[in-house]
Amino acid sequence: MNKQVQKEVDNQVKHKAHNPIIFADVPDPSMIRVDDTYYMSSTTMHMNPGVPIMKSKDLVNWELISYAYETLGKSDVLDLENGKNTYGRGSWASSMRYHKGMFYVSTFSKSTGKTYIFSTKDPENEPWEKIEFEPSLHDNTIFFDDDGKVYMIWAAGKLSIAELKEDLSGIKEGTEKVLIENASAPAGDNIMLGAEGSQLFKVNGKYYLFNITWPRGGMRTVLIHRADNINGPWEGKLAFQDLGVAQGGLIDTPDGRWFSYLFRDYGGVGRIPYLVPVAWEDGWPVLGEDGKVPEQLDLPANKSLIPRIVNSDDFDRKENDPDLPLVWQWNHNPDNSLWSVRERDGFLRLKTGRIDTSFVQARNTLTQRTIGPESTGSTMLDLSNMKEGDFAGLCLLQKEFGLVGVTIENGTKKIVMVSAQKGEPKEVQSAPLNQDKIYFKAECNFKDRADKANFFYSLDGKSWVSIGETINMPYTLPHFMGYRFGLFNYATQNVGGYVDFDYFHIKDKI
């Protein structure tokens, strides 16, 4: 290939989208299009605020615009009280719909035992109203049919359907029934994960139900059932099986093209979204290019996830600014009396209010996603007001977490790197500290699922010293989430101390 031809090919590649469309933890996507704007909901489980809502003009570049809720409620598991937690639970797969000028998002929580439906006329500028009812309907999809009836489909393997009451406050009595006895059947009879993640669509008068299943010894797989009537009969087929990319549904563009949005388990960075083109044959959506996930898409090129999904923050707030931009989420419910971005201009203050014995049970860890293929998070702490036994710093949060921080022992500050490989926290290395300011940095490598990270400290913000060991970042089900950068401060002996974070900076390289 001559240089000119190569240059033209490179230019074409540069101006096209590539998979994954988001190299970060945005699992269980549900998408809609309203005129020329796309909206997507996702899952962040135990993080709060919860159910992130994003928008896009091109299906590729997404921006956080709101959350469906601030908290699901108050309880020991949600508040990290009395040794309880809700890691890997919280709220799971949501379903987003638009009907008669209203946006709706349904989800469910095993932590509360409830099903939730949130609604708003404007997801970017108006709050979401909440309806909740029992029981918790697993992986539900809400569906507004043309005849005015509203349905919910849920469960795994054996799928159920019911009509909802007109005010959406619960199931209409006497309407609950089995929709499909064995929805996993098109993938065979040796199934490890029964068909779940339901998303229902209506195209040209036909109903299409998307599910994910996982044959034992195989990979995550897309199943589609179709019917002329919502009550059946339903016929199903194995629709897509490549790279384990699965769970999602259908979206169309204003110019009449179709895509399927799905996600892929990708190790420590989390579960990352993909798009595959869809063609229609004999009334069936056919996913992918020759049954494969394409590396490139005939859509606008991906831009950086900074500042739309993650972003640096200098904690400078004007009078009418929100206290925290949408890129931030708390680990579990925060205690809002113990943090502030207003008490000291240009700083995030994390205060201690109780004694904790472990990092994962400490409240008010403030988090953002890590991003791939590489990302770096850094911060500076003012330690002047720490108390004996306090521990503050920068973490990479998952079950097998890693962190670098400062603790005070016998009146003396020391820098500590902790690694929780196999879930057992160990102090790997420490160094004495004789000043009240410290800089920390964490570098993450998710290339080809390397899933490695290293921690550093600096006394002046210029010269960096590696500390501790390279940590592995496995994706573990107890937390069910990609690794997150986090800022933390907790007390082990005395309450009332605080630490001021000057900034958090994130880069998409190391």
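Let's start with a small enclosed space: the second largest cavity has His 46, Met 47, Leu 397, Gln 398, His 479, Met 481, Gly 482 and Arg 484 along its lining. Keep in mind that this is a predicted model. The space inside this cavity comes to about 30 Å³. Sorted by class, its lining residues are 3 nonpolar, 4 polar and 1 charged.

How many cavities of 30 Å³ or more turn up in the whole structure? The search finds 2. The largest cavity holds about 50 Å³ of space. Around it sit Met 45, His 46, Asn 48, Tyr 69, Thr 71, Leu 72, Leu 78, Thr 86, Gly 90, His 332 and Asn 333. You may recognise His 46, which lines the largest cavity and also appears in the lining of the second largest one. The lining of the largest cavity has 4 nonpolar and 7 polar residues, with no charged ones.

Now for the pockets. The largest has a volume of about 580 Å³, and 19 residues line it. If you want to find its centre, look for Ile 32, Arg 97, Tyr 98, Phe 201 and Lys 202, the lining residues that lie nearest to that point. Several strands each give two or more residues to this lining: S2 (30-34), S7 (95-99), S11 (141-144), S15 (191-203) and S19 (246-252). Which of the elements supplies the largest share of the lining? That is S15, with 4 residues. By class, this lining splits into 11 nonpolar, 1 polar and 7 charged residues.

The second largest pocket has a volume of about 500 Å³. Its lining is made up of 24 residues, and Pro 49, Tyr 67, Glu 70, Leu 324 and Leu 326 are the closest to its centre. Strand S6, which covers residues 63-69, gives the most to this lining, with 4 residues. Here the classes come out as 15 nonpolar, 5 polar and 4 charged.

Next, have a look at how the nonpolar residues are packed. The largest nonpolar core contains 88 residues, and the ones that touch the most other members are Trp 62, Leu 396 and Ile 415. Strand S21 (residues 271-281) contributes the largest share of this core, 5 residues. Apart from this core there's another, with 19 residues, including Phe 359, Ala 362, Leu 403 and Phe 488. Back in the largest core, Trp 62 is a handy residue to click on. Setting aside neighbours within four places in sequence, its contacts include Ile 21, Ile 22, Met 31, Tyr 38, Tyr 39 and Met 40. Trp 62 is also in contact with Arg 308 and Ile 309, which sit much further along in the numbering.

Last stop: Asn 489. You'll find this residue in strand S36, which runs over residues 484-490. Is Asn 489 buried or exposed? Asn 489 counts as buried because its relative accessibility is 5%, and the cut-off for buried is under 20%. A polar atom of the Asn 489 side chain lies 2.8 Å from the backbone oxygen of Leu 350. Leaving out neighbours within four places in sequence, Asn 489 is in contact with Leu 350, Lys 351, Thr 352, Arg 363, Asp 390, Phe 391, Ala 392, Gly 497, Tyr 498 and Val 499. So Leu 350 comes up in both ways, through the 2.8 Å approach of its backbone oxygen and as one of the contacts of Asn 489.

How values were computed
Residues numbered from 1 in each chain as written. Predicted model: local features only at pLDDT ≥ 70, side-chain atom pairs only at ≥ 80, totals over all residues. Heavy atoms only, no water. Buried < 20%, exposed > 50% of the residue type's maximum accessible area, 1.4 Å probe, protein only. Polar contact = N/O pair within 3.5 Å; in protein donor to acceptor, adjacent residues only side chain to side chain. Contact = heavy atoms within 4.5 Å. Core = buried A, V, L, I, M, F, W, Y, C linked by side-chain atoms within 4.5 Å. 1 Å grid on protein atoms, 1.4 Å probe; cavity = no way out; pocket = protein on both sides within 12 Å on 5 of 7 lines; lining within 4 Å. Points joined across faces, edges and corners; volume = space filled by probe spheres on them. Nonpolar A, V, L, I, M, F, W, Y, C, P; charged D, E, K, R; others polar.
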